[in-house]
Amino acid sequence: MTDLNPLRHIPEANVFRKGDVFVLFGELFGRSYVNGLIDQARAAGMTIVGVTVGRRDDSGALRQLNDEELAEAEEKLGGRIINVPLMAGFDMDAPEGEQNPTEMLSGITLKNWQEEKLDWERIERCRAAGVARFTGSAATVMAEIDKLVPQGANVFFAHTMAGGIPKIKAFLAIANRIYKGRGERFMSSRALLDSDLGKLILMNFDEVSANTLKYLIDASATIRERVTQAGGEVRYTAYGYHGTEILIGDEYQWQTYTNYTQGYAKMRLESIAEAAWKNGTFATVFNCPEIRTNSSDIFVGVELSLFPLLRALKKEGGGAWADEQWRICEELLGDDTSLQQLLDTIEGYNNDATSATFRNFEAWPMDNTPALADVMIGTSEAITALHKDKKALITDHLSSLVLEGAGPLMFHGASEKIAPVLWLNHDIIARQLNALHK
């Protein structure tokens with residue numbers, strides 16, 4: 001367990017300039033945290049290079065992007081993509097002639113998934129096959145990127161790989177019960193973690209969300225050595241989540257979404273950055289606040305911690321611009337609701353005895369409970385219902401603000417070489433946003 005280490009100052013250091021190279025290690029699909037970093041790299045005049053996870057053909061085999069897909073991906077990135085598939089994880093990998101884990105789990109149903117058993121020796125062979133495929137491809141990709149790094153240039157590697165849920169039909173129904181269910185539909189996250197299915201998912205999370213940072217650091221060793229021997233600088237960043245300090249009352253307090261199943265992999269990610277740092281490689285995991293994304297929408301209630309950011313903007317010296325954010329959010333609510341009433345509801349939720357029980361940093365990530373599901377999911381549904389349009393939510397606007405604030409904090413924080421693990425809490429996000437909009 002990493003000690004809570006919040007970033008408390010706005011970093012201003014910058015070693016990156018025109019002609020340096022920014023490498024996105026993960027494919028860009030929609031608007032996400034990394035857009036803020038890419039914006040910073042582009043503003044600095046850096047050359048932007050990306051990778052692709054590839055695509056699967058009808059047989060499930062991994063392939064390169066075709067010409068149309070490649071053109072679309074490069075336009076989205078605003079840079080060149082090395083067209084070698086870098087799909088992380090091993091759920092679709094197996095030695096020749098053997099079943100992959102997804103095939104092994106094809107018979108799982110909502111009724112039998114807790115009893116279904118896996119052959120762990122076979123699973124380990126699949127994992128080894130997946131790692132060999134990925135690290136081999138990573139070596140090929142880095143050899144190509146090496147050619148794109150001019151002598152005397154600095155390099156910024158941004159790791160964005162995350163996820164790892166196998167594509168099993170029954171899992172969506174299971175996940176809906178765990179992350180959205182309450183009352184009779186409630187399902188314990190511990191039931192998942194104690195099952196063979198859950199153990200496999202945790203292994204795949206480790207491979208996708210955490211171990212890929214180590215594979216990146218290892219695969220880019222030649223680039224790193226060449227750049228640093230010429231007096232240049234190399235940095236690595238990765239996106240973590242380990243709870244966030246938000247305003248509860250008038251104090252910033254650590255809290256978290258529960259159950260965050262990927263938390264074990266995120267702690268492993270932190271340990272990889274800490275190990276790299278000890279070896280003289282400057283990799284920083286930035287533990288970022290909760291936001292709403294396409295992939296987070298299954299986690300009902302994860303968005304509740306966003307609302308206190310509005311209060312943080314004012315507490316951290318926000319003036320007319322902070323007032324404007326309040327006005328924008330107020331306009332998204334129905335006529336019979338005020339923003340202050342909504343914030344009072346959130347304050348009540350955060351002070352609820354059940355919610356407070358889960359503000360236990362040392363015990364993270366905790367299992368869900370029926371009582372927490374009732375209060376968290378119930379509050380989430382009630383607040384969503386206050387909006388004029390369920391497709392235009394306050395949390396969408398606040399998520400975009402968090403993305404905007406996190407980009408420069410990560411870009412300049414990486415330059416400054418502060419620590420291997422840093423928390424970006426609402427205080428520093430608010431201060432950065434207020435500074436950007438003065």
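Reader: What makes T222 and Q229 of α8 count as exposed, and which face carries them?

Author: In this predicted model, T222 and Q229 lie on the face of α8 turned away from its buried side. Exposed means over 50% relative accessible area, and both residues are classed as exposed.

Reader: Which residues of α8 are called buried?

Author: In α8, which spans residues 221–229, the buried residues are A221, I223, R224 and V227. The term requires under 20% relative accessible area.

Reader: How do you know on which side of α8 they lie?

Author: The buried residues cover an arc of only 160° around the axis, which puts them on the same side of α8.

Reader: What covers the buried residues of α8?

Author: The cover includes α4 (120–148), β6 (155–159), α7 (196–219) and β7 (234–240). Contact here means heavy atoms within 4.5 Å. Just after α8, G231 takes a positive phi of about 90°.

Reader: What makes the sheet open, and in which order do its strands run?

Author: The order is β5-β2-β1-β6-β7-β10-β11, with 7 strands and parallel pairing. At the edges are β5 (80–85) and β11 (421–423), each of which pairs on one side only. Neighbouring strands of this sheet are turned by 20° against each other on average, direction ignored.

Reader: How do you know that β1 pairs with β6?

Author: Pairing needs at least two bridges between the strands. Strand β1 (residues 21–25) is joined to β6 by 5 bridges, so the criterion is met. The two strands run parallel. One of the residues involved is F22, whose bridge partner in β6 is F156.

Reader: Which strands does α7 touch, and which does α8 touch?

Author: Helix α7 packs on the sheet through β1, β6, β7 and β10 (283–287), and its direction makes about 160° with that of β6. Helix α8 also packs on the sheet, touching β6 and β7, and its direction makes about 135° with that of β7.

Reader: Which residues form an aromatic cluster with F22 and F156?

Author: F16 and F411 join F22 and F156 in one aromatic cluster. Rings pair if their centres lie within 6.5 Å, and a search of the whole structure finds 14 aromatic pairs.

Reader: Why is the charged end of K314 said to sit over the ring of W326?

Author: The charged end of K314 is 3.9 Å from the centre of the W326 ring, so it satisfies the limit of within 6 Å. A second condition is a position within 35 degrees of the ring normal. The charged end of K417 sits over the ring of F282, 4.4 Å from its centre, so the distance limit is met there too.

Key
Residues are numbered from 1 along each chain as its sequence is written. This is a predicted model: local features need pLDDT of at least 70, side-chain atom pairs count only at pLDDT 80 or more; totals for chains, interfaces and linings use all residues. Side-chain values use heavy atoms; hydrogens and water are left out. Buried means under 20% relative accessible area, exposed over 50%, partly exposed in between (1.4 Å probe, protein chains only). Helices (H or I, at least four residues) and strands (E, at least two) are DSSP runs, numbered from the N terminus. The arc is that of the directions from the helix axis to the C-beta atoms. Rings of Phe, Tyr and Trp (its six-membered ring) pair if their centres lie within 6.5 Å; planes under 30 degrees apart count as stacked, over 60 as edge-to-face and the rest as tilted. Axes are lines fitted to C-alpha atoms, for helices over the stretch in contact, and angles run from 0 to 180 degrees between N-to-C directions.
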